[in-house]
Amino acid sequence: MKNVLFVADCFTGGGLETRIVEQIKILKRKRIRFYLLCNKFNPIYKKYFAEVSESLKLNDRLQKISANDVLTDVDTICNFCVKYDIDYIDCHPSMCILPAVLAAERVNTPISFTLHGVASGDFITNPNHLPGRTLYHLAINYGFDKYFAVAEYLTTLYSFLTNVSIVRNGSFLNSIKYRGFKNTRAVAIASRLDVVKAQLVIDFLPSVYKSKAIDKIDIYGDGDGVHNIKTFVSENHLEDKVCIKGWEKDLSKKLSEGDYMLVFGMGRVVLDAILSQD
């Protein structure tokens with residue numbers, strides 16, 4: 001039996017988590033055990049892994065990184081690989097990339113990297129991460145044995161990478177009957193609202209609320225970037241048009257009940273929107 005280790009900053013709920021869980025469901029049939037190392041974990045996913053550890057220090061919420069944290073995480077990953085006899089490492093963005101690459105080389109274990117979207121590598125060129133971006137660029141460019149991307153546009157966005165395979169999310173969409181959206185004047189925006197994605201929502205909002213065809217905008221999701229959206233709504237006096245609904249356990253049902261003409265979102269939200277039409 002093979003042992004595969006997933007390394008990610010956080011595993012709390014979103015497109016990354018959905019993708020990995022779908023992979024696990026398929027590959028478990030081939031007698032593969034799955035392990036997870038991260039900084040923050042949502043226990044609802046515990047059943048999918050043989051072992052989970054939240055012992056990594058680096059994560060995408062940090063404003064800066066230290067050499068000590070990188071080296072500590074390298075040791076953590078190496079010790080985990082030895083303890084559980086890991087045969088393969090699959091790494092996901094973002095700050096865990098550097099220690100994962102260094103650890104994989106030390107324990108001589110194959111490692112792959114998956115690009116999930118624009119945020120997968122924005123820290124490389126983000127001025128706020130200037131001290132570490134060169135090291136991370138080198139890690140991404142030369143540290144992995146294989147690269148995967150969830151869509152074609154990522155191969156252009158990260159054209160400095162070679163040997164990238166496209167493995168799309170939501171490969172089961174052909175089995176879903178799609179009926180289209182409704183003739184209303186309301187739209188929904190849904191996403192995990194971390195700081196990065198909340199800013200994408202803020203950048204996108206003006207093109208929506210300025211439309212004469214739209215009277216109502218509901219925003220579904222939660223995260224540490226929600227406050228930024230609330231501030232934007234308040235400063236622009238949009239309370240009568242924009243409503244932040246928060247987290248919804250059954251998003252497909254809520255979108256169906258909401259009578260929306262359009263749903264904008266990222267990752268799993270697209271699937272929830274389509275499923276809401278059944």
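Buried residues make up 46% of the 278 residues in the protein chain. The model is a predicted one. Its secondary structure comprises 10 helices and 13 strands. Among contacts with a separation of 6 or more, 67% join residues 24 or more positions apart.

An open sheet of 7 strands was identified, and its pairing is parallel. The strand order is β5-β3-β1-β6-β7-β8-β9. The edges are formed by β5 (51-53) and β9 (164-166). Each edge strand has a single partner, so one side of each is left without a neighbour in the sheet. From one strand to the next, the twist averages 25 degrees. Helix α2 packs on this sheet and touches β1, β3, β5 and β6. The direction of α2 makes about 160 degrees with that of β3.

Strand β1 sits between β3 and β6 in the strand order. With β3, strand β1 pairs in the parallel sense over 6 bridges. Leu5 has Tyr35 of β3 as its bridge partner. With β6, strand β1 again pairs in the parallel sense, here over 4 bridges. Phe6 stands opposite Asp90 of β6. Strand β1 is mostly covered, with 5 of its 6 residues buried. At the other end of the strand order, β8 and β9 pair in the parallel sense over 3 bridges. Phe148 has Ser165 of β9 as its bridge partner.

The largest nonpolar core holds 38 residues. Leu5, Val7, Ile77, Ile86, Ile89, Ile97 and Phe144 touch the most other members. Several elements give two or more residues to this core. The strands that do so are β1 (2-7), β3 (32-37), β6 (88-91), β7 (111-115) and β8 (146-149). The helices that do so are α2 (67-83), α3 (97-107) and α5 (130-142). A second, separate core has 19 residues, including Leu193, Ile214, Phe232 and Val242.

Three residues illustrate the surroundings in more detail. Ile86 is in contact with Asn3, Leu5, Tyr35, Phe80, Cys81 and Thr109, leaving aside neighbours within four places in sequence. Leu5 and Tyr35, both in that list, are also the bridge partners that link β1 to β3.

Ile111 lies in strand β7. Its relative accessibility is 1%, so Ile111 counts as buried. Ile111 and Ile89 are 22 residues apart in sequence, yet their C-alpha atoms are 4.6 Å apart in space. Beyond neighbours within four places in sequence, the contacts of Ile111 include Tyr88, Ile89 and Cys91. Ala100, Val101 and Ala104 are also among them. Gly143, Phe144, Asp145 and Lys146 complete the list.

Asn141 lies in helix α5. The relative accessibility of Asn141 is 18%, and the residue therefore counts as buried. Not counting residues up to four places away in sequence, Asn141 touches Tyr147, Phe160 and Leu161.

Two helix pairs were examined. Two packed helices are described by the angle between their axes and the distance between the axes. For α2 and α3, the axes come within 8 Å and cross at roughly 45 degrees. That angle makes α2 oblique to α3. The crossing is right-handed as α2 passes α3. From α2, the contact is made by Val70, Asp73, Val74, Asp75, Ile77, Cys78 and Cys81. From α3, Leu98, Pro99, Ala100, Leu102, Ala103, Arg106 and Val107 take part. Ile77 of α2 is also one of the residues that touch the most other members of the largest core. Cys81 of α2 is also in contact with Ile86.

The second pair joins helix α7 (residues 195-209) and helix α8 (residues 226-235). Their axes are 8 Å apart, and the packing angle is about 25 degrees. Because angles under 35 degrees count as roughly parallel, α7 is roughly parallel to α8. The crossing of α7 and α8 is right-handed. In α7, the residues involved are Val195, Ala198, Val201, Ile202, Leu205, Pro206 and Tyr209. In α8, they meet Asn228, Ile229 and Phe232. Phe232 also belongs to the second core.

How values were computed:
Residues numbered from 1 in each chain as written. Predicted model: local features only at pLDDT ≥ 70, side-chain atom pairs only at ≥ 80, totals over all residues. Heavy atoms only, no water. Core = buried A, V, L, I, M, F, W, Y, C linked by side-chain atoms within 4.5 Å. Buried < 20%, exposed > 50% of the residue type's maximum accessible area, 1.4 Å probe, protein only. Contact = heavy atoms within 4.5 Å. Pairing = 2+ DSSP bridges. Axes fitted to C-alpha atoms, helices over the stretch in contact; angles between N-to-C directions. Parallel < 35°, antiparallel > 145°, perpendicular 65-115°, else oblique. Left-handed = near helix turned anticlockwise from the far one by under 90°.
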